[in-house]
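Q: Could you take me through the largest nonpolar core of this protein, up close? I'd like to know which residues and which helices and strands build it.

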Amino acid sequence: MQLELRHLEAVCRIAEAGSLGRAATRLGVSQPALSAQLRRIERVAGGELFFRGRNGVEPTPLGEFVLERARRVLGEMDALAAGARAVAQAAGPLRLGCILLVLVDELLRLLDNMTDGQGISVELEHSVTVLTRMLGNGQYDVIVYGEVGDHEVPLPEGTLARTLIAREPFCVRLAETHRLAGRQRIDLADLAGEPWMTLVEDDDGGPEALVAACARAGFTPDLRHRITDRKMHYDLVAAGRAVSLTQPTAPAAPGTVLRPLTGDPVTGRIRLAWNRSAVSTAQAALLYGAAGRAYLANLDNNPFHRTWWDARPELHPRLDP
């Protein structure tokens, strides 16, 4: 076997994540598959690349050597992609990357009327890490992403960012037959013992914020399911097999109800970032305005969030007319 770019990427992700489990999630593979791949890489490299301990993994001296060169090679490839993108920029569409936020559906509709002769292509990712890396190497020109709790997503050089929604409180989705469904507001502590749907993104601070909030409420959440398909997600909740944290602008789904959590124990924000070499100030303002209007279009999906939002005008985005 010869080392390929995907092998170098895997080694870097393991080092960054500090554990095989987190790295596997970010790479979109199973942990056993990543462990097997690492063993093959180590055979080619001639020795172990990571010390494995109770608290995760750390690079060995050989691992540090491989990591230094892997990052250099991947950096050169990023530069190649960025250069190629710059050459093709004038002829190609503006590329927008998003995570699966509620506003995305409405944003797509609004962008259909904003081509301005260039055109806009939109792609969805399940990882903020992937989004920011692709923004940095020129594969995306603009990204819309979320941050949860105190987590701040590091952005690559040459980019600018603007906060779209400074704060929104996550609510809970549960089956309409759930014992707590009749309440207008739910204490997080009352959900102890429930099977939880884990958040789709694991690198935006969401899982850590949920676990920390549950710890403050006196329990450890049973993070049992991780499903990216919306319908399957909703069907599982409707069947009473899980509860899930959800954006407060989320739409209704058959067999489920959304309820706010007392005290807003988990909050997030939504941001827009762009590559300065690919996006003009005017284009960035246009996209910011479209994303803001897309968010506002979903405010009335749940009356409890409309009430919460109207009471906090300081959080409202300033949209261009």
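A: Let's start with a word we'll need: two residues are in contact when they have heavy atoms within 4.5 Å of each other. This is a predicted model, and among its contacts with a separation of 6 or more, 73% join residues 24 or more positions apart. Keep that in mind as we look inside.

The largest nonpolar core holds 39 residues. Leu 103, Leu 107, Val 142 and Ile 270 are the ones with the most contacts inside this core. The protein has 10 helices and 12 strands, and several of them chip in here. On the helix side, H5 (104–111), H6 (128–136), H9 (281–296) and H10 (303–310) each supply at least two core residues. The strands S3 (94–98), S5 (142–148), S6 (159–169) and S12 (267–275) each do so too. H9 gives the most, with 7 residues.

Now zoom in on Leu 107. Setting aside its neighbours within four places in sequence, Leu 107 is in contact with Leu 96, Ala 290, Ala 291 and Ala 294. There's also a second, separate core, made of 20 residues, including Phe 170, Leu 174, Leu 180 and Leu 191.

Stepping back to the whole protein, 49% of the 321 residues count as buried. The C-alpha trace spans about 60 × 50 × 30 Å along its principal axes. A compact globule with 321 residues would have a radius of gyration near 20 Å, so the 21 Å of this protein agrees with that.

Note on methods
Residues are numbered from 1 along each chain as its sequence is written. This is a predicted model: local features need pLDDT of at least 70, side-chain atom pairs count only at pLDDT 80 or more; totals for chains, interfaces and linings use all residues. Side-chain values use heavy atoms; hydrogens and water are left out. A nonpolar core is a set of buried Ala, Val, Leu, Ile, Met, Phe, Trp, Tyr and Cys residues joined through side-chain atoms within 4.5 Å. Buried means under 20% relative accessible area, exposed over 50%, partly exposed in between (1.4 Å probe, protein chains only). Helices (H or I, at least four residues) and strands (E, at least two) are DSSP runs, numbered from the N terminus. The radius of gyration is taken over C-alpha atoms; the globule rule is 2.2 Å times the number of residues to the power 0.38.
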